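Here are some short exercises to work through with the model open beside you. Try each one yourself before reading the solution.

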Amino acid sequence: MDRALKRRLEARFGDRLTAPIHQRHDQTEIRIGAGEVPDVCRTLHDDPDFRFVLLADLAGVDTGTSMQVVYHLWSDTTTDWLRVIADGLSRDDPRVPSITFLWPGAEWMEREAYDMFGITFEGNRDLRRIYMPPDYQAFPLRKDFYLADDAARSPGAGVRHMEQTHGPRNARPGAAVRKAPA
């Protein structure tokens with residue numbers, strides 16, 4: 001882990017961070033508010049002390065209580081990958097500014113996060129569904145998304161038929177068959 005990177009990040013963004021910087025193995029993680037994304041990412045991209053020129057991935061996250069956007073960045077100035085988490089987005093209307101002005105390839109990644117999680121990337125010029133049909137109303141990777149057969153299922157209803165594990169064909173008669181946890 002690159003402790004010099006941590007010091008540079010603390011010096012530059014200390015007042016903007018929503019949590020302490022976390023380092024583990026070859027990854028450094030910072031958390032910021034959604035409104036800070038354009039300025040922080042521009043600095044990380046343009047500042048010669050950082051030079052995070054590669055956006056390797058962008059992903060939406062549903063924590064169950066709020067939404068997040070996670071950016072994975074690479075720079076030749078450090079051996080660590082940088083994970084930037086835009087934290088605390090509203091579940092009702094998750095919004096974050098687009099970063100396509102820095103990394104044009106983010107357009108497709110933002111569209112995927114929009115399609116699967118319903119996160120709106122303000123400033124993305126082509127924010128529309130990428131996998132699901134245009135008239136689809138739900139967001140399949142959200143924790144509150146249910147399949148059609150889940151509609152009437154309560155948490156105590158047990159294991160659905162498709163989740164059951166089956167014993168071997170030659171099991172002893174009367175032997176108990178273990179079921180997968182719900």
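**Exercise 1. Describe how α1 passes α2: which handedness does the crossing have, and at what angle do the two helices pack?**

Keep in mind that this is a predicted model.

Step 1. Start with the handedness: the crossing of α1 over α2 is right-handed.

Step 2. Now the geometry. Helix α1 covers residues 3–13 and helix α2 residues 37–46; they pack at about 135°, and their axes are 12 Å apart.

Step 3. Put a word to that angle. Angles over 145 degrees would count as roughly antiparallel, and 65 to 115 as roughly perpendicular; with about 135° between them, α1 is therefore oblique to α2.

Step 4. Look at who touches whom. From α1 come L9, R12 and F13, and they meet V40, T43 and L44 of α2. Sorted by character, the contact has 4 nonpolar residues, 1 polar and 1 charged.

**Exercise 2. Work out the strand order of the open sheet and find which strands are at its edges.**

Step 1. Trace the 5 strands across: the order reads β1-β2-β5-β4-β3, and the pairing is mixed.

Step 2. Check the ends. β1 (22–24) and β3 (54–62) each pair on one side only, which makes them the edge strands. On average, neighbouring strands are turned by 20° against each other, ignoring direction.

Step 3. Zoom in on one pair. β2 (residues 27–33) runs parallel to β5 (residues 81–89), and 7 bridges link the two. Within this pair, R31 sits opposite I85 of β5.

Step 4. Add the helices. α2 packs on the sheet and touches β2, β4 (67–74) and β5, with its direction at about 145° to that of β2. Helix α3 (residues 106–117) lies across β3 and β4, at about 10° to β3.

**Exercise 3. Which side chains make polar contacts with those of H45 and D126?**

Step 1. Take H45 first; you'll find it in helix α2. Its side chain makes a polar contact of 2.6 Å with the side chain of D46.

Step 2. Look further along the chain. Setting aside neighbours within four places in sequence, H45 touches R51, F52, V53, L102 and W103.

Step 3. Move on to D126, in the segment after β7 (120–122). The side chain of D126 has a polar contact with that of R111 at 3.2 Å, and another with that of R128 at 2.6 Å.

Step 4. Apply the sequence filter again: leaving out neighbours within four places, D126 is in contact with E107 and R111.

Definitions and conventions. Residues are numbered from 1 along each chain as its sequence is written. This is a predicted model: local features need pLDDT of at least 70, side-chain atom pairs count only at pLDDT 80 or more; totals for chains, interfaces and linings use all residues. Side-chain values use heavy atoms; hydrogens and water are left out. Axes are lines fitted to C-alpha atoms, for helices over the stretch in contact, and angles run from 0 to 180 degrees between N-to-C directions. Helices (H or I, at least four residues) and strands (E, at least two) are DSSP runs, numbered from the N terminus. Angles under 35 degrees count as roughly parallel, over 145 as roughly antiparallel, 65 to 115 as roughly perpendicular and the rest as oblique. A crossing is left-handed if the near helix is turned anticlockwise from the far one by less than a right angle, and right-handed if clockwise. Contact means heavy atoms within 4.5 Å. Ala, Val, Leu, Ile, Met, Phe, Trp, Tyr, Cys and Pro count as nonpolar, Asp, Glu, Lys and Arg as charged, and the others, Gly among them, as polar. A polar contact is a pair of N or O atoms within 3.5 Å; within protein, one must be able to donate a hydrogen and the other to accept it, and residues adjacent in sequence count only if both atoms are side-chain atoms. Two strands pair if DSSP finds at least two bridges between them.
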